Amino acid sequence: RRTLADIIMEKITEKQTEVDTALSELSGCPMPQLDPRVLEVYRGVREVLSKYRSGKLPKAFKIIPALSNWEQILYITEPETWTAAAMYQATRIFSSNLKERMAQRFYNLVLLPRIRDDIAEYKRLNFHLYMALKKALFKPAAWFKGILIPLCESGTCTLREAIIIGSILTKCSIPVLHSSAALLKLAEMQYSGANSIFLRLLIDKKYALPFRVLDALVFHFLAFRTEQRLLPVLWHQSFLALAQRYKEDLSSEQKEALLELLKFHSHPQISPEIRRELMNSKTRDVEGEQPLAME
C-alpha cells in the first residue's frame with residue numbers, strides 16, 4: 001500500500017520531470033543539478049521542520065516561494081515529515097507569497113493529502129492543520145481549485161471530511177465570484193453525499209447568485225427525476241436550502257418542475273417545507289424587475 005509520502009513525492013517528481021524536459025527542450029541543455037551546499041542547507045531545514053513546534057522558521061525556508069525551482073527545493077524538505085505546526089507556518093508563507101497557480105499546486109500536492117491523511121487516521125483534524133486550511137483561503141481561487149474541487153472530483157471524499165472542510169466555508173468570508181464558480185462546478189459534478197454538504201453550505205451563505213448559477217443548481221436537482229434509488233436526507237436538506245434562500249429568484253417554470261420533482265422524491269418532514277417555500281413566494285418572471293445578472 002502506497003503511503004501519503006509516496007503519493008506526494010510521485011506527483012512532485014512527475015511534474016518536475018515534465019518541467020525539466022520542457023525547459024531542456026527549449027534551451028537545448030538539461031536543467032542544472034542543485035549545488036551540494038544547497039542540498040545540505042535544505043536537509044537541515046527538513047530536520048528543523050520535522051521537529052518544529054513554535055518560534056522562528058529558518059530563513060532558507062522563507063525564501064522558497066521566491067525561487068524558480070521552488071517545487072524541487074520543497075521536495076528536499078520532505079513535506080510529509082513536517083509537524084502540523086510547521087505545515088501551518090508553511091501554508092502562511094506559501095499562501096501569501098506564491099502566485100495563485102503555484103499556491104494551487106501547493107494546496108493540491110502538499111496540504112490536501114496531509115489533511116485527508118490526518119482525518120483518516122485520527123477521525124478529526126489537528127488544530128494546526130485546520131488553521132492552515134483556514135489560512136489557505138487567503139487565495140480563494142487556489143483554495144477551491146486546489147482543495148475543494150479535487151476533493152469532490154476524487155469520488156472518495158467522506159462525509160467526515162466534507163463536514164470538517166465545509167466548516168471553513170461557514171466561518172470565513174469568501175468573495176461571491178469564487179463561490180459562484182464553485183457552486184457551478186459542484187452542480188455539474190456527479191452526485192455524492194459530500195457534494196450535497198458543500199452545496200448546502202455555499203447556498204446557506206445567501207449570496208446574490210448570477211442566474212446562470214441558479215439555473216445550474218435547479219438543473220442539478222431536476223436531473224434526479226429519473227433516479228430510482230431512495231435519496232439520502234443530505235440531498236433533501238440541500239434542496240430545502242435552495243428553496244428557502246432563492247425561492248424568489250426562480251422562474252415559474254422552474255418552480256413547477258421542482259414541485260413535480262417532489263412527487264418522485266419526497267421526505268416526510270422536509271418535502272412539505274420545500275413545497276410550502278416554493279408555493280408561497282413570488283417568481284422572478286412575475287416580479288417585473290430582475291436582480292442584476294453578473295457577467
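Select Cys152 in this predicted model. Cys152 is buried, with a relative accessible area of 7%. Now add Cys157 to the selection; this cysteine is buried too, at a relative accessible area of 15%. Are the two joined by a disulfide, or is Cys152 in no disulfide? Cys152 is in no disulfide, and the nearest cysteine sulfur, that of Cys157, lies 5.6 Å away. A disulfide is a covalent bond between the sulfur atoms of two cysteines. A disulfide is counted when the two sulfur atoms are within 2.5 Å, and the 5.6 Å from the sulfur of Cys157 to that of Cys152 is therefore too far for a bond. By this rule the count of disulfides comes to zero.

**The whole chain**

Next, display the entire protein chain as a cartoon. The chain contains 15 helices and zero strands. Its C-alpha trace spans about 70 × 45 × 35 Å along the principal axes. Of its 295 residues, 48% count as buried. Among contacts with a separation of 6 or more, 76% are between residues 24 or more positions apart.

**Helix 11 and its surroundings**

Select residues 193-203, which form helix 11. How many of the eleven residues of helix 11 are buried? Nine of them are, so helix 11 is largely enclosed by the rest of the structure. The buried residues are Ala194, Asn195, Ser196, Ile197, Phe198, Leu199, Leu201, Leu202 and Ile203. To see what covers them, colour the elements that include helix 8 (140-153), helix 9, helix 10 (176-188), helix 12 (211-222) and helix 13 (233-246).

Keep helix 11 in view and add helix 9, residues 159-171. The two helices pack at an angle of about 15 degrees, with their axes 9 Å apart. That angle makes helix 9 roughly parallel to helix 11. The crossing of helix 9 past helix 11 is right-handed. Show side chains at the contact: from helix 9 come Leu159, Ala162, Ile163, Ile165, Gly166, Ser167, Leu169 and Thr170, and they meet Gly193, Ala194, Ile197, Phe198, Leu201 and Leu202 of helix 11. By class, this contact has ten nonpolar, four polar and no charged residues.

**Helix 5 against helix 6**

Move to residues 84-97, helix 5, and residues 100-122, helix 6. Their axes lie 11 Å apart and the packing angle is about 165 degrees. Helix 5 is therefore roughly antiparallel to helix 6. Helix 5 passes helix 6 in a left-handed crossing. On the helix 5 side, select Ala84, Met87, Ala90, Thr91, Phe94 and Ser95; on the helix 6 side, select Ala103, Phe106, Tyr107, Val110, Leu111 and Arg114. These contact residues divide into nine nonpolar, two polar and one charged.

**Trp82**

Finally, select Trp82, in the loop between helix 4 (70-76) and helix 5. Is Trp82 buried or exposed? With a relative accessibility of 2%, Trp82 counts as buried. Leaving aside neighbours within four places in sequence, show its contacts: Leu49, Ser50, Phe61, Leu74, Thr77, Met87, Ala90, Phe106, Val110 and Arg114. Among these, Met87 and Ala90 of helix 5, with Phe106, Val110 and Arg114 of helix 6, also belong to the contact between those two helices. For a sense of distance, add Ile270: Trp82 and Ile270 are 188 residues apart in sequence and 45 Å apart in space, C-alpha to C-alpha.

Key: Residues are numbered from 1 along each chain as its sequence is written. This is a predicted model: local features need pLDDT of at least 70, side-chain atom pairs count only at pLDDT 80 or more; totals for chains, interfaces and linings use all residues. Side-chain values use heavy atoms; hydrogens and water are left out. Axes are lines fitted to C-alpha atoms, for helices over the stretch in contact, and angles run from 0 to 180 degrees between N-to-C directions. Helices (H or I, at least four residues) and strands (E, at least two) are DSSP runs, numbered from the N terminus. Angles under 35 degrees count as roughly parallel, over 145 as roughly antiparallel, 65 to 115 as roughly perpendicular and the rest as oblique. A crossing is left-handed if the near helix is turned anticlockwise from the far one by less than a right angle, and right-handed if clockwise. Contact means heavy atoms within 4.5 Å. Ala, Val, Leu, Ile, Met, Phe, Trp, Tyr, Cys and Pro count as nonpolar, Asp, Glu, Lys and Arg as charged, and the others, Gly among them, as polar. Buried means under 20% relative accessible area, exposed over 50%, partly exposed in between (1.4 Å probe, protein chains only).
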